[in-house]
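Hi,

Here is the structure I promised to pass on to you. Have a look at it first, and then read my notes underneath.

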Amino acid sequence: MKIETIAIHAANHTDASSKAVIQPIVLSTTFERSADGTYLGGHIYSRASNPNRKMLENVLAQLEGGADAAAFASGNAAGMAIFQSLPAGTHVIAPDDMYHGLCNQLKTLFSDILTFDFIDINDPHILQNHIRPETGLIWIETPSNPLLKITDIKKVIAIAHAKHIMVACDNTFATPICQQPLALGADLVMHSSTKYFGGHSDLMGGVVITGEKNERWLKIRQVQEMGGAIPSPMDCYMLARSIKTLPYRMRGHIHNAQLLAEFLEGHPKVEKVMYPGLPSHPQHEIAKEQMTAFGGMLSFCVKDGQEEAKRVINSLKLFTQATSLGGVESLIEHRASVEGPDTKTPLNLLRVSVGLEHIDDLIEDLSAALG
């Protein structure tokens with residue numbers, strides 16, 4: 001099936017008893033045993049499995065071309081499940097512009113359990129030099145948040161797999177509509193499904209998808225079941241419902257982001273635009289090779305520094321100043337303020353989640369704000 005068909009049908013089945021076309025929400029926390037003590041419905045307790053979560057995980061796995069998926073209550077919980085599945089003492093290599101929430105998670109919650117280095121993953125010599133005998137995971141985030149750096153997935157995987165090191169890719173910015181890391185050789189894919197999968201800024205979720213059902217995957221499933229950081233049946237239902245329109249929503253995000261990036265690149269008060277769909281992007285050719293489209297996220301640096309960048313944000317009418325991304329409405333934020341005093345993000349950088357408003361209105365709003 002093509003990805004539009006998967007998005008609509010892989011999370012749904014006609015209800016056997018009522019013949020409802022849309023799968024009902026199953027709120028029960030527990031399920032009845034048969035006379036011999038078995039569970040004919042396949043579910044025991046909702047922390048372990050639930051009909052709505054099962055269907056959500058099915059569509060998420062199929063969208064990424066994976067063997068299985070595990071849904072979590074947030075993107076951070078999904079990322080943490082991967083880290084929790086690693087043996088104590090494992091060395092992790094991650095990008096130096098890793099999403100600050102997961103970066104801080106490693107530094108804070110795993111500082112006594114794992115060791116880690118944050119490096120320029122795109123430099124193969126630096127990557128090779130940081131690999132140790134105890135290195136067990138290389139984390140990729142491409143495009144990165146908020147600098148929109150592109151990592152050559154195949155190159156990193158070739159280096160990692162030659163030394164039997166697992167590779168996990170945060171694919172949140174790209175979504176499976178724009179990029180499928182498992183098909184390029186990654187072992188795991190992670191998403192904050194709060195973002196484009198949800199698409200309406202009204203629910204939270206996360207997911208880990210595996211290329212193989214192996215021993216490593218069983219450990220992640222154990223973390224999911226025993227830790228219990230799972231989405232509710234209602235959240236699973238709403239996510240599955242939103243995913244039905246994901247391919248078509250992404251077309252609008254991609255279209256608007258490309259045109260907005262081109263407008264900003266030509267504006268005299270913009271110092272730099274970071275969007276992989278622009279030929280000026282330093283990894284544009286790599287993006288063309290491994291992505292089918294360039295996504296709905298961009299960042300740009302305003303001339304005259306931080307105060308001017310904040311003035312621009314506060315002059316906007318259609319763009320909402322808020323964190324997060326992937327909703328139908330356009331969001332903008334001064335990213336360094338969000339990340340805190342140890343940020344490596346330029347102080348004049350604004351990150352934009354380009355929404356589905358008419359592109360002429362978005363350009364007019366930014367044009368007026370920039371002056």
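Below is what I found, beginning with the sheet and moving on to the helices and loops.

Please keep in mind that this is a predicted model.

The sheet is open and has seven strands, in the order E1-E7-E6-E5-E4-E2-E3, with mixed pairing. Strand E1 (68-72) and strand E3 (115-119) are at its edges; each has a single partner strand, so one side of each lacks a neighbour in the sheet. From one strand to the next, the twist averages 20 degrees. If you want a pair to zoom in on, E5 (residues 166-170) and E6 (residues 188-192) run parallel and are joined over three bridges. Within that pair, cysteine 169 faces valine 189 of E6.

On to the helices. H8 (residues 215-227) lies across E1, E5, E6 and strand E7 (206-210), and its angle to E1 is about 25 degrees. In H9 (residues 233-243), the buried residues are Pro233, Cys236, Leu239, Ala240, Ser242 and Ile243. Their cover includes H1, H2 and helix H10 (246-265).

There is also a nonpolar patch on the surface, made of Ile25, Leu27 and Met234, with about 270 Å² of accessible area together. Leucine 27 sits in the loop between helix H1 (3-9) and helix H2 (51-63), and it counts as exposed because its relative accessibility is 61%.

The loop between E6 and E7 gave me two residues to show you. One is lysine 195, which is buried at a relative accessible area of 16%. Apart from neighbours within four places in sequence, lysine 195 contacts Thr172, Ser324, Leu325 and Gly326. The other is serine 201, which is partly exposed at 46% relative accessible area. Serine 201 has a positive phi, near 55 degrees, without being a glycine.

Histidine 164, in the loop between H6 and E5, is another non-glycine residue with a positive phi, here about 60 degrees. With a relative accessible area of 75%, histidine 164 is exposed.

Finally, do check the loop between strand E4 (135-141) and helix H6 (153-162), where proline 143 lies. The peptide bond leading from threonine 142 to proline 143 is cis, with omega near -10 degrees. Proline 146 is found in the loop between E4 and H6 as well, and a cis peptide bond links it to asparagine 145, with omega about 10 degrees.

Happy to talk it through whenever suits you.

Best wishes

Key
Residues are numbered from 1 along each chain as its sequence is written. This is a predicted model: local features need pLDDT of at least 70, side-chain atom pairs count only at pLDDT 80 or more; totals for chains, interfaces and linings use all residues. Side-chain values use heavy atoms; hydrogens and water are left out. Two strands pair if DSSP finds at least two bridges between them. Helices (H or I, at least four residues) and strands (E, at least two) are DSSP runs, numbered from the N terminus. Axes are lines fitted to C-alpha atoms, for helices over the stretch in contact, and angles run from 0 to 180 degrees between N-to-C directions. Contact means heavy atoms within 4.5 Å. Patches are made of residues with over 30% relative accessible area and no salt bridge: like charges are joined within 9 Å, nonpolar side chains (Val, Leu, Ile, Met, Phe, Trp, Tyr) within 5 Å. Accessible areas come from the Shrake-Rupley method with a 1.4 Å probe; for residues, only the protein chains shown count as cover. A salt bridge is a side-chain nitrogen of Lys or Arg within 4 Å of a carboxyl oxygen of Asp or Glu. Buried means under 20% relative accessible area, exposed over 50%, partly exposed in between (1.4 Å probe, protein chains only).
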